Amino acid sequence: MNEHLKKVIELSEVDREIDSFGPKEQKLKDGLNKLGEKAGKIQKDISDLTEEIKEIGYRKNKADSSLKDLSAKLNDIAKKSNSVKSEREIKSLQIEEEIAREQIGATNEEIDRLDKQESSKKDRIVQLSAELDSVKSEMTKAEAELKDELDELEKSKTEVYTKKEKVQREINPKVNLFYQKIKRWAGSSTVVPIINKACMGCHTLVTEDTYRKAIRSEDITTCANCGRIIYMPEQL
Ligand SMILES: [Zn+2]
């Protein structure tokens, strides 16, 4: 095979590897990011619940102070009932007392309900905190693993970049320029094989003339349809 073509294939393989580093790194980090999101969501739930418990506390305080008011009112009514004489006044105080007692009952029910809400929210916080701890320990583990994998990736990056420098020193500058021009739009599929007489860049059949040229591989051949550099893998 033509030496220029060999070098351009090598260069495209090296570039393809370099292009794959970003997505590989992203994939490695994805797991950890997901755990981070999960932890964030749990933390948010805990802080929402804490706010709700605070709000329940305010409502309980309010209910407690209305209970105090209502019992003061009952004392008041009791005092008054000693001094009133008329039937009408007695009746009116009885109604007042009845209303106050109903209100006390309702307020006590409200406090019970708030107590239950508060305790169920506190239980949920305990549960969520345990979940958060477990997610955090998963994160610590994932971070350690990620560090190893990123180090590994960094090592292969260094290797590939060294390889690229070597190929770039060896490749004919004009061929390199030609390759770079196509790479601008074709990216990692700048140099593609012909399989079953079709260009693997645009997936159309190459002409007989192009096919023969590719088999001879005396020069760098491009696909007449898409313009990518093509080669016969059998010739490698
Ligand atoms: Zn093509």
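User: In this predicted model, what phi does glycine 187 take just after helix 3?
Analyst: The model is a predicted one. Glycine 187 comes just after helix 3. Its phi is positive, at about 60°.

User: How far apart are the end C-alpha atoms of helix 3?
Analyst: Helix 3 covers residues 173-186, which is 14 residues. At 1.5 Å a residue, the helix should span 20 Å. The model agrees with that, because the end C-alpha atoms are apart by 19 Å.

User: Is arginine 216 buried, exposed or partly exposed?
Analyst: Arginine 216 lies in helix 4, residues 208-216. It has 13 other C-beta atoms within 10 Å. Exposed needs 12 or fewer, and buried needs 20 or more. Therefore arginine 216 is partly exposed.

User: Which helix gives the most to the largest nonpolar core?
Analyst: The largest nonpolar core has 18 residues, and Val8, Val191 and Ile194 are among those with the most contacts inside it. Helix 1 (3-83), helix 3, strand 1 (191-195) and strand 4 (229-231) each supply at least two residues. With four residues, the one that gives the most is helix 1.

User: Which residue in strand 4 is the bridge partner of valine 191?
Analyst: Strand 1 and strand 4 run parallel, joined by three bridges. In strand 4, valine 191 has as its partner isoleucine 229.

User: Which residue in strand 2 stands opposite isoleucine 195?
Analyst: Strand 1 pairs with strand 2 (residues 198-199) in the antiparallel sense, over two bridges. Their hairpin has two residues between the strands, and asparagine 196 takes a positive phi near 50° there. Opposite isoleucine 195 stands alanine 198.

Methods: Residues numbered from 1 in each chain as written. Predicted model: local features only at pLDDT ≥ 70, side-chain atom pairs only at ≥ 80, totals over all residues. Expected span 1.5 Å × (residues − 1). Core = buried A, V, L, I, M, F, W, Y, C linked by C-beta atoms within 7 Å. Pairing = 2+ DSSP bridges.
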